[in-house]
Structure formats: structure tokens, C-alpha cells
Amino acid sequence: MFELAYFSNVSENTKRFVDKLGVTHHRIPVKASDTPLMMSDPYVLIVPTYGGGDDATSVPKQVIRFLNQQQNRDLIRGVIAAGNTNFGDKYCRAGEIVAMKCQVPLIHRFELLGTPYDVEVVHNKMETLWNQH
Ligand SMILES: Cc1cc2nc3c(=O)[nH]c(=O)nc-3n(C[C@H](O)[C@H](O)[C@H](O)COP(=O)(O)O)c2cc1C
């Protein structure tokens, strides 16, 4: 199974979702002064959307910094996005942007902490992706 790299801000909604998955995971640091995360195996990225509907700031800057590392960009195999449906057509926009820029599939979108259904879907989709590689 692929490992996970994820970002979660101080509100930690995404962290709480990741904790329910039971998959090996690595957190992208919140503070620029923390040691950067470098992945060494293929992984799926989980990214919450920020920016309040503005494409330019939808992907958290910490995630942009992480993906600016060539090694991390080479190893990404898929993306899962988090968001809040209050943002309408910008719901989970960060996932669409990362999928397009990194040329990987957007395998799922979930709201806030996710539901047991989201956990099941993510497991199934990650397994399908794994079997395709
Ligand atoms: C300032 C701000 C901007 C946000 N912008 C969006 C947005 O454009 N689209 C979206 O779907 N969710 C948006 N959200 C919702 C977050 O993606 C959601 O709360 C997510 O669960 C945060 O994850 P985290 O607590 O792990 O950082 C925004 C939240 C905040 C606080």
C-alpha cells in the first residue's frame, strides 16, 4: 500500500481523518523553521484547501514548498483533497490544482474530518491505485 503525506493546519481536521485510516503517514510541517519532509517511497498526498475560493492560495504554502522538492514530486502517485462544501465550486479545489500540476489522479474528496464512508472509499481507492502500479 502507498504511504501518505499530508498537511494539516492547527485546526487538525485532516490529521484526525488520517489517524482513522491506519495507513503509514508523514505530516508536512506547519512551520517553515521545522525540518522539511522528504519522502523516500511512492505516496499519496492529502491536502486541505485554503484560500477561501482564490485559486492562487488554495494549496497551502507548506504543500507548495513540499512539492517544490523534486524528490517529493517524483514520488507522488495520487492526491486526496479536503475542504468544506460551504465554498461551493471551490470545494476541495487544492486537490484539482495538485492533480493538474503533478499529473496524478484526484482519487477522493472529503469534508472536514471525513466520515466512515470516506475512510472506506479511501482504502478502496488506494488499493486500486496500488494494484495499478
Ligand atoms: C481561511 C480558510 C479558507 C478555506 N478555504 C477553503 C476553500 O477554498 N475550499 C474548501 O473546500 N475549503 C476551504 N476551507 C476549509 C478547510 O479546507 C477545512 O476546514 C479543512 O478541514 C482544514 O483542514 P485542517 O484543519 O487539517 O487544516 C477553508 C478554511 C479556512 C480556515
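In the next few minutes I will go through the sheet, the helices packed around it, and the surroundings of the ligand, keeping in mind that this is a predicted model.

Let me begin with the sheet, which is open and built from 5 strands in the order β2-β1-β3-β4-β5, with parallel pairing. Because β2, residues 25–27, and β5 stand at the edges and have a single partner strand each, one side of each is left without a neighbour in the sheet. Between neighbouring strands there is a turn of 20° on average, with direction ignored. If we look at β4 and β5 as a pair, they run in the parallel sense over 5 bridges, and Ile80 stands opposite His108 in β5.

Turning to the helices, α1 packs on the sheet and touches β1, β2, β3, β4 and β5, and its direction makes about 145° with that of β3. Helix α6, residues 116–132, also packs on the sheet, where it touches β3, β4 and β5, and its direction makes about 170° with that of β5.

Which residues of α5, the helix spanning 93–102, are buried? They are Arg93, Ala94, Gly95, Ile97 and Val98, and the buried residues of this helix pack against β3, α2, β4 and β5. Just after α5 comes Gln103, which takes a positive phi of about 55°.

Finally, the ligand has 23 residues around it, of which Asn9, Asn13, Thr14, Pro48 and Gly83 come nearest. Two elements, α1 and β4, give two or more residues to this shell, and the largest share, 3 residues, comes from α1. Sorted by class, the shell holds 12 polar, 7 nonpolar and 4 charged residues.

Key. Residues numbered from 1 in each chain as written. Predicted model: local features only at pLDDT ≥ 70, side-chain atom pairs only at ≥ 80, totals over all residues. Near = placed C-beta within 6 Å. Helix = DSSP H or I, 4+ residues; strand = E, 2+ residues; numbered from the N terminus. Nonpolar A, V, L, I, M, F, W, Y, C, P; charged D, E, K, R; others polar. Buried ≥ 20, exposed ≤ 12 C-beta atoms within 10 Å, placed from the backbone. Contact = placed C-beta atoms within 7 Å. Pairing = 2+ DSSP bridges. Axes fitted to C-alpha atoms, helices over the stretch in contact; angles between N-to-C directions.
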